[in-house]
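Welcome, and please take a moment to look over the sequence and the model before reading on.

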Amino acid sequence: MRIYYGAVVNPQTLTESQLLPRCLLAVGDAGTIEWIVEDIDGSLIQETLAQKGCVDAEVTELRHGEFLMPGFVDTHTHAPQKPNIGSGQQYELLDWLEHVTFPMEAKFADVDFARRTYESVVQRIINCGTTTCCYYATLHLEASKILADIVHARGQRAFIGKCNMDRNSPDHYREASPEASLADTKALIAHIATYPPSTPQRVSAILTPRFAISCTPPLLAGLGTLAASDPTLRIQTHISENRGEIAFTKELFPDCATYAHVYDKFGLLRGNTVLAHAIHLEPAEVELIKERNAGISHCPTSNFNLSSGVAPVGEYLDKGIKVGLGTDVSGGFSPSILNAVQNASIASKVIAMRSPGAVSPNTFANRQLSVNTLLYLATLGGAHVCALDAHIGDFAPGKAFDALLVNCRNDSGNPNLWGVDPDIHVGDNLMGLLERFLFCGDDRNISAVYVQGRLIGGTSYRA
């Protein structure tokens, strides 16, 4: 049993968070939260521990300027694209894939290159505070297995997907047939199934049709059959990121009314489907996604960087659609969800500036996203998108202790964040600290990253 005492930030809804400056939180040996006392004076800690039967438990007391919060959930990123961060700024999506992305991903046919690269990629993403991650790998089976093995060994919670792509990519980076693609997908699922079981499974496979353009109808049909055989199997793909992509998709699938209807036709649109981008959805697609209870991964950095557009996330939230955040490396130029938070805020302000005038009360459309909303999207919202909200995303008894210890003190070494100084109490209330961390923080402010109670990253971590 481990006990933490101090400030805790706990997302609750899109508009509310618990800010608990004097919280006592207990984590059991299995890495789940045993109990929480929300507000307790320091002088009563030992008495409370005695009442809980934890007389001999060691208490970790957080310093002034530190707080615990749930870990970040990255609902969309590409592990093999990390070496390309900051490259190809001049391109839009389809040209960027041709000139930047596909050449890099093709290198992962070399398993030694894949192992060296993924070892670095995974730890860097963990150190940015991502406790749960939806990873796209490449089309290569062996490299995808290596990524899964590294994630499992490092202790991160993740979904690993081997890309399915049997057309509209270079000859040297395309699967030979739908049958070959499906066989390798099943092999990856079987490989990941050999990991020790847990509830929920910490590392899982996820079906990953790259996007409709890259998959023939027989391949999509086969993936739909595979999905139908296991309702718990997650699905991830792209949708409506770029107008040229949308037009090409409609040419390839003339029998489908919209892009979203392509996935729906093949049984790939359901409650555990993660749809990345969703910038240019038609009204019928919004209704269909809501009806199927699929989730959207909002990737604002990539959307800006590849000149794709600004997703109307507020409209989706008003519809009750599940939304989380994604870094979409390397279309996005940072592996940190903090960067996605900052650009999600800017994106919402761009939409608000485009729509001057009165907005409806208690709605999200055409208004900037609040700190509470941004926090929710980065944590519990992402957990909902991944169908993991019963297990992670906030702090509650019975949930996994997937958490960050955040340091907003001057000793963090981050010059961008005006840290707490014991002698200069400027804006050091808990909401103020949270806001400054979300907008000015980086990996230097993340002292510890925990998954299922296990320390796996942060500035205090030593492998």
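The report below walks through two charged residues, the nonpolar cores and one helix of this predicted model.

## A buried arginine in strand 11

R234 sits in strand 11, which covers residues 234-239. This arginine is buried, yet it has no salt bridge. The nearest side chain of opposite charge belongs to D389, and it is 7.5 Å away.

What does the side chain of R234 reach at 3.0 Å? Its partner there is the backbone oxygen of C386. Not counting residues up to four places away in sequence, R234 also touches A387 and L388, along with F159, A205, I206, L207, N272 and C386.

## A buried glutamate in a loop

Our second charged residue is E175, found in the loop between strand 9 (163-164) and helix 5 (178-192). Is E175 buried or exposed? With a relative accessible area of 7%, where under 20% counts as buried, E175 is buried.

Two polar partners are worth a look in your viewer. The backbone nitrogen of M165 lies 2.8 Å from a polar atom of the E175 side chain, and the side chain of S181 makes a polar contact with that of E175 at 2.7 Å. Leaving aside neighbours within four places in sequence, the residues in contact with E175 include L139, K162, C163, N164 and D166.

## The nonpolar cores

In soluble globular proteins, nonpolar side chains tend to be buried together. Here, the largest nonpolar core has 122 residues, and F67, Y135 and F437 are those with the most contacts inside it. Another core lies apart from it, with 15 residues, among them C23, V27, F401 and A403.

F437 gives a good view of its surroundings. Setting aside neighbours within four places in sequence, F437 is in contact with residues including F67, M69, F72, L338 and V406. Its contacts also include the polar residues D442 and N445.

## The two sides of helix 9

Helix 9 spans residues 283-292, and its buried residues are E285, V286, L288 and I289. Seen down the helix axis, these buried residues fall within an arc of 165 degrees, so they line one face of helix 9. The face turned away from that buried side carries the exposed residues P283 and E291.

What do the buried residues of helix 9 pack against? They meet strand 11, helix 8 (259-265), strand 12 (273-277) and helix 11 (313-318). Strand 11 is also the place of R234, which brings us back to where we began. Just after helix 9 comes N293, whose phi is positive, near 65 degrees.

How values were computed. Residues numbered from 1 in each chain as written. Predicted model: local features only at pLDDT ≥ 70, side-chain atom pairs only at ≥ 80, totals over all residues. Heavy atoms only, no water. Helix = DSSP H or I, 4+ residues; strand = E, 2+ residues; numbered from the N terminus. Buried < 20%, exposed > 50% of the residue type's maximum accessible area, 1.4 Å probe, protein only. Lys, Arg positive; Asp, Glu negative; His and termini not counted. Salt bridge = Lys/Arg side-chain N within 4 Å of Asp/Glu carboxyl O. Polar contact = N/O pair within 3.5 Å; in protein donor to acceptor, adjacent residues only side chain to side chain. Contact = heavy atoms within 4.5 Å. Core = buried A, V, L, I, M, F, W, Y, C linked by side-chain atoms within 4.5 Å. Arc of directions from axis to C-beta.
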